[in-house]
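Here are a few exercises to work through with the model open beside you. Try each one before reading its solution.

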Amino acid sequence: MALLLIAAFVASVALGAVFIPPGTILRILLNHLGGIHLLQDWPASSEAIILAVRLPHAVLVALTGAALASSGAAYQGLFRNPLADPYLIGVASGAGLGAVFAMSLNWPSTLLGFYLIPVGAFFGAIMTVILVYNLARVNGLVPLTTLILAGVAVGSFASALTSYLMLRTDLQLHRAISFLLGGSPMSGWEPVIAALPYMIVGMGLLSISGHTLNVLQFGEEEARQMGLHVDRAKVFVILVASLTTAVAVAFSGVIGFIGLIVPHIIRILWGPDYRRLIPLSILTGGIALLLADMLARILLAPSSLPVGIVTAMAGAPFFLWILRQAKREVFW
Amino acid sequence: MLTITSLTVAYCDRIVLKKVSLEVMPGRIMALIGPNGAGKSTLIRAASGILPIHSGKICVGGRDLADCLPGERAKIVAVVPQARQLGGAFSVEQAVMMGRTPYLNWLGREGEADKAAVRSALRRTGLEKFAERPIAKLSGGEQQRVLLARALAQETPVLLLDEPTNHLDLQHQTNLLSLVRNLAQQQHIAVLMAMHDLNLVAHFADKVALLVSGDLMSMGLPQEVLCAELISKAYETPVEVVPHPLTGAPLIFPGNRS
């Protein structure tokens, strides 16, 4: 899986308006990171493209996919519902609203401004998830139908507010926001640097929540009787999954269905144990979004599609398929 | 030893249990009987320490459950929930391992002691050959044994069972209850078990507590509590009780056939 991730990563860096052979990429990387000084036999333009454009783009895409897939897996475990996905339950839209609100207050001309976007997104995400969870809960359970309905309603409301905010802002911000809503990762190293600390903390904490999520699958009362501090565990997972989603949304926009598809593929291949499901979702999420992003850049080359469109085109049929499976209670 | 002292539980303003006191000795089974809505399940849940209690005390070996953290509590009291259809793709072994929750480290990784406890719980419940099977694919009786094995993996001195034989056929009912009785005796576990079938209670319980509208109406040996007068009154239905021709245990059936 890790090898696949590296392969997808290299392919993502290689592809683009100008194709750069993987061998060259590796030599450029070695020259810069490995402390080895190789004879420069590649055009300077290749080096510039890779270091300033493609590399940060690929890193951000991989991180975003990893974050969305792992938080999707965590939401599914928490709600005991196979259709929970940061996009479908409205958290992504809520995070988008928070991010746009933060941007409209202070358009990031500095790195500090970049660091504040995820904070806004985080508050948006937390507020949405709490609202959706309480709206969707019936007798202590979160049924499929109410969860999706509440998610769609709250998500639409958040998107509407976001559009309203967007129309009130100036042109530069307007463009940034429309990219965000379409699901296109930002460019350059600044968003990568701003996202990295949150992502490492968020995904690290999700990875150690596997056993908690396993025990929660038996219901809250039984989880208590098995010795789990249920209320504390739930708050912890909600906070961490929302933080992880929020950071992904803040820098890459609203990208749907990755958090739905990836954990399901892993469940089918490696079983339901969340202690493995979450780390594998991180790796596979990175691969999946890199692939989707390459498709997005190839389909309409030389211009590119927002990657959110590609994931939605692949994800919506998948969603319907899971819906049919869930009726037969294959997973839960 | 499980000691419940003057336990009162209320949901909102409705009192569900009124000053219930009882004691279950290690190695013994106490059956909790009574009509629907008498508070049997509430007593089981309260005894597991997860319900807020109005007044009274639940102690295990002198330790008050109210003073325990969830993890410590799960090392002294384990619960086998009501039989129901279990979904999920977890294997039997994974499900039983979840009983080890209070013993696992912060990463949720299991050690040798946890694996040994799970193996022993699987062996004692006869589930070894199902270890890799998804629980959803098992029959009702087998699923109930998984829940029992999970509770055993908690290695507690007290075991609570909430109508463990509901929805099971005669064979699985007797198998499960024999298993519980043997485990109680061999491991010196104090067992408190809510039950509906009075004849099974007569056969398997060492003591019987009769609960009616949250009151402990009677408590004692099966032949003392399972008498026509008390049972007819508690269930508001005339019954006849005769001794079992082989064991002498009380046999209860509806009386007054008119």
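**Exercise 1.** Work out how H12(A) and H13(A) are oriented to each other.

Step 1: in this predicted model, local features need pLDDT of at least 70, side-chain atom pairs count only at pLDDT 80 or more, and totals for chains, interfaces and linings use all residues. Residues are numbered from 1 along each chain as written, with chains lettered from A and ligands numbered from 1 in the order written.

Step 2: find H12 (residues 258-270) and H13 (residues 274-299) of chain A; helices are DSSP runs of H or I with at least four residues, strands E runs with at least two, numbered from the N terminus.

Step 3: their axes come within 9 Å and cross at roughly 125°. Axes are lines fitted to C-alpha atoms, for helices over the stretch in contact, with angles from 0 to 180 degrees between N-to-C directions.

Step 4: H12(A) and H13(A) are therefore oblique (under 35 degrees is roughly parallel, over 145 roughly antiparallel, 65 to 115 roughly perpendicular, the rest oblique).

**Exercise 2.** Find which residues of H12(A) meet H13(A).

Step 1: contact takes C-beta atoms, placed from the backbone, within 7 Å.

Step 2: on H12(A), the residues include Ile258(A), Ile261(A) and Trp270(A), and their counterparts on H13(A) include Leu277(A) and Leu280(A).

**Exercise 3.** Describe how E11 and E12 of chain B pair.

Step 1: E11 (residues 239-243) and E12 (residues 250-254) run antiparallel over 5 bridges; pairing takes at least two DSSP bridges.

Step 2: Val242(B) has Leu251(B) as its bridge partner.

Step 3: between the strands sit 6 residues, and Gly248(B) takes a positive phi near 80°.

Key:
Two residues are in contact if their C-beta atoms, placed from the backbone, lie within 7 Å.
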